[in-house]
Amino acid sequence: MRTTTAVISLFNPTEAVLANAAALLPQVERVVVVDDGSPEDPARLLTELEAMGCVAVRLSENSGIAAALNAGISTALAATPRPDFILTMDQDSLLDPGYVQELLTTAAAASASGVPVGMVAPGSVRGLPVRRGPVRHGVQLGGEPIQSGLLVPVPVIERLGLLQASLFIDGVDSEFYLRCRAHGLEVALAPGASLGHALGSKVPAQVFGRKLSLGGRRLDIRTAAPWRYYYIFRNRILLTRQYGRKFPLWAIKGFLADNRHLIIVTILAPGRWSRLANALAGVADGVGGLSGRRRTP
């Protein structure tokens, strides 16, 4: 029997994490939750999660999503028995019943077909397009996935290593995907698995303070917190320096997508100057080769 340990990164978690953990616990053998130095004391929620059957780990300071997931993965791999798979999760992702089994079934099919798999991702993510590649020996291959809801075989982690903690946040999933591809490992998509995942937040589109509408309905656009744009643009440059020669098309598409998004939210979303300032700071530090948590004066 193939066993799975789920690792959930937490930062200022809300009550919703309890429902998300309740949906996850019956699907895996163990759940490790890692609080990434939340400034809002998560002790009560961590106690409730432990009472539900989770293993709780607390980091002393905010170290970034990669470091938090790495702490959980290390805890999982030190346990007996050792799991066969790690499922990486965000705190705001809610799994449907049978989700993990769908991923395990796809992993088994890929293994039986001789397809070298670095990770198994859901066939659909609600609110986000899923990149699809060719079908090989009956296995649907995919492009770059998001980190949440991702099933990674433990031998892959043992071979390639943990997540790149120096990125702190944003691009962590991209780096591991590129590392897998550089080692000839594929992304397999589980067609029957669908992930509910919150991605950014929606704000009313407006120009000069006037809210826009389309067909009589308010026009909303999706944007991230202004500080995230520092990491988005810095890490895009760092990853391009690291992988751009081997994957030039990935680098070009990424730069175009990031800048297209920044132009749209600069024109249509409030908080534009803060986002631009963070993005420009990220570009400067990326060119300078700086990584880790942002250094602020």
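The lining of the second largest cavity in this predicted model divides into 5 nonpolar, 3 polar and 1 charged residues. The volume of the second largest cavity is about 40 Å³. Its walls are formed by Ile-8, Asn-20, Ala-21, Leu-24, Met-89, Asp-90, Gln-91, Ser-93 and Leu-95. Two elements, H1 and S4, each give two or more residues to the lining of the second largest cavity, and H1 supplies the largest share of that lining, with 3 residues.

In total, 2 cavities of 30 Å³ or more were counted. The largest cavity holds about 130 Å³ of space. This cavity is lined by 15 residues, and those closest to its centre are Ile-73, Thr-88, Val-152, Leu-163 and Phe-176. Helix H3, strand S4, strand S9 (150-153) and helix H6 are the elements that give two or more residues to the lining of the largest cavity. Sorted by class, the lining of the largest cavity comprises 10 nonpolar, 4 polar and 1 charged residues. Strand S4 thus appears in the lining of the largest cavity and in that of the second largest cavity.

Open pockets were also examined. For the second largest pocket, the computed volume is about 280 Å³. A set of 15 residues lines the second largest pocket, and Arg-2, Phe-85, Ala-107, Ser-111 and Pro-153 lie nearest its centre. At least two residues of this lining come from each of helix H4 (99-112), strand S6 (117-126) and helix H5 (154-160). Of the elements, H4 gives the most to the lining of the second largest pocket, namely 5 residues. The class composition of the lining of the second largest pocket is 12 nonpolar, 1 polar and 2 charged residues.

Helix packing was analysed for H7 (residues 228-243) and H8 (residues 248-268), whose axes come within 10 Å and cross at roughly 165 degrees. Angles over 145 degrees count as roughly antiparallel, and H7 and H8 are therefore roughly antiparallel to each other. The crossing of the two helices, H7 and H8, is left-handed. On the H7 side, the contact is made by Tyr-229, Ile-232, Phe-233, Arg-236, Ile-237, Leu-239 and Thr-240. On the H8 side, the residues involved are Trp-250, Ala-251, Gly-254, Phe-255, Asp-258, Asn-259, His-261, Leu-262 and Val-265. The residues of the contact of H7 with H8 comprise 10 nonpolar, 4 polar and 2 charged.

Backbone geometry was considered next. Most residues other than glycine have a negative phi, and most peptide bonds are trans. Between Thr-80 and Pro-81 the peptide bond is cis, with omega about -5 degrees. Pro-81 is located in the loop between helix H3 (65-78) and strand S4 (85-90). Positive phi values occur at Asn-12 and Phe-168. Asn-12, which is not a glycine, has a phi of about 45 degrees, and Asn-12 lies in the loop between strand S1 (4-10) and helix H1 (16-24). For Phe-168, also a residue other than glycine, phi is positive and near 70 degrees. Phe-168 belongs to the loop between H5 and helix H6 (172-182).

Notes: Residues numbered from 1 in each chain as written. Predicted model: local features only at pLDDT ≥ 70, side-chain atom pairs only at ≥ 80, totals over all residues. Heavy atoms only, no water. Axes fitted to C-alpha atoms, helices over the stretch in contact; angles between N-to-C directions. Helix = DSSP H or I, 4+ residues; strand = E, 2+ residues; numbered from the N terminus. Parallel < 35°, antiparallel > 145°, perpendicular 65-115°, else oblique. Left-handed = near helix turned anticlockwise from the far one by under 90°. Contact = heavy atoms within 4.5 Å. Nonpolar A, V, L, I, M, F, W, Y, C, P; charged D, E, K, R; others polar. 1 Å grid on protein atoms, 1.4 Å probe; cavity = no way out; pocket = protein on both sides within 12 Å on 5 of 7 lines; lining within 4 Å. Points joined across faces, edges and corners; volume = space filled by probe spheres on them.
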